[in-house]
Amino acid sequence: MGIEQPVGVIYMQSKNRNRNENIIGVLIVIGTLTVYHFLSIETTVIPGLFHYLPQKLIPYFFVVLPGVLCGCIFAMFTRNMVKILLAGILTIILWIYWFSAIFPALTL
C-alpha cells in the first residue's frame with residue numbers, strides 16, 4: 001500500500017511547478033534576446049553565418065531565429081506545447097520591437 005497524499009498537496013506541487021515553469025520561460029526569453037543581441041549587433045558572429053544562406057532568406061532567419069531558439073531551449077524544461085509556442089512568438093515580437101524601435105533610439 002502506497003502513501004496517499006491529500007489533494008491539496010498535489011495542487012500546491014502543480015501550482016509551484018507552473019510558477020517555476022513561468023519564471024524559467026521569462027528568463028529564457030530575456031536570455032535569448034540578450035545573447036542574440038550581442039551576437040548579431042555587437043559582434044559579427046550571426047551576420048557572418050548568413051553569408052551561407054540565399055539572399056532572400058536572410059531577413060526571415062534574422063527575425064525568426066531567436067523565437068525558434070527560445071522555443072527549443074524552453075522545450076527542455078516543459079512539455080506544454082502552448083507555453084513553448086507562446087515563448088517563441090513573444091521572443092520574435094520582442095526582438096522585432098527591440099531591433100526596430102528601442103535599439104535605434106538608444107544609438108542616437
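Reader: Leaving aside neighbours within four places in sequence, which residues is threonine 32 in contact with?
Author: Threonine 32 is in contact with Pro66, Cys70, Ile73 and Thr91, where contact means heavy atoms within 4.5 Å. This is a predicted model, in which local features need pLDDT of at least 70, side-chain atom pairs count only at pLDDT 80 or more, and totals for chains, interfaces and linings use all residues. Residues are numbered from 1 along each chain as its sequence is written, and side-chain values use heavy atoms, with hydrogens and water left out.

Reader: Is threonine 32 buried or exposed?
Author: Threonine 32 is buried, at a relative accessible area of 9%. The classes are buried under 20% relative accessible area, exposed over 50% and partly exposed in between, with a 1.4 Å probe and protein chains only. Accessible areas come from the Shrake-Rupley method with a 1.4 Å probe, and for residues only the protein chains shown count as cover.

Reader: Which helix is threonine 32 in?
Author: Threonine 32 lies in α1. Helices are DSSP runs of H or I with at least four residues, strands are runs of E with at least two, and both are numbered from the N terminus.

Reader: How many helices and strands does the protein have?
Author: There are four helices and zero strands, so the order from the N terminus reads α-α-α-α.

Reader: Cys70 came up. How many disulfides does a search of the whole structure find?
Author: Zero. A disulfide here is a pair of cysteine sulfur atoms within 2.5 Å.

Reader: Why no bond for cysteine 70?
Author: Because the closest cysteine sulfur, in cysteine 72, is 9.2 Å away from the sulfur of cysteine 70, too far for a bond. Cysteine 70 is buried, with a relative accessible area of 0%, whereas cysteine 72 counts as partly exposed at 49%.

Reader: Changing topic. What volume does the largest pocket have?
Author: About 170 Å³. On a 1 Å grid over the protein atoms alone, a cavity is a set of points where a 1.4 Å probe fits but cannot get out, and a pocket is an open set with protein on both sides within 12 Å along at least five of seven lines; lining residues have an atom within 4 Å of a point. Grid points are joined across faces, edges and corners, and the volume is the space filled by probe spheres set on the points.

Reader: Which residues line the largest pocket?
Author: The lining is Glu21, Asn22, Gly25, Val26, Val29, Ile30, Phe74, Lys83, Leu86, Ala87, Leu90 and Leu94. α1 (7-42) and α4 (81-106) each supply at least two of the lining residues, and α1 gives the most, with six.

Reader: How do the lining residues divide by polarity, nonpolar, polar and charged?
Author: Eight are nonpolar, two polar and two charged. Ala, Val, Leu, Ile, Met, Phe, Trp, Tyr, Cys and Pro count as nonpolar, Asp, Glu, Lys and Arg as charged, and the others, Gly among them, as polar.

Reader: Where is threonine 78 found?
Author: Threonine 78 sits in the loop between α3 (58-74) and α4, and is buried at 3% relative accessible area. Not counting residues up to four places away in sequence, threonine 78 touches Glu21 and Ile84. Its C-alpha is 9.7 Å from that of asparagine 22, with their positions 56 residues apart in sequence.

Reader: And what is tryptophan 95 in contact with, leaving aside neighbours within four places in sequence?
Author: Tryptophan 95 is in contact with Leu33, Tyr36, His37, Ser40, Ile41, Phe62, Val63 and Pro66. Tryptophan 95 is in helix α4 and is buried, with a relative accessible area of 1%.

Reader: What share of the protein's residues counts as buried?
Author: 22% of the 108 residues. The accessible surface comes to about 8,000 Å², with 74% of that belonging to carbon and sulfur atoms.
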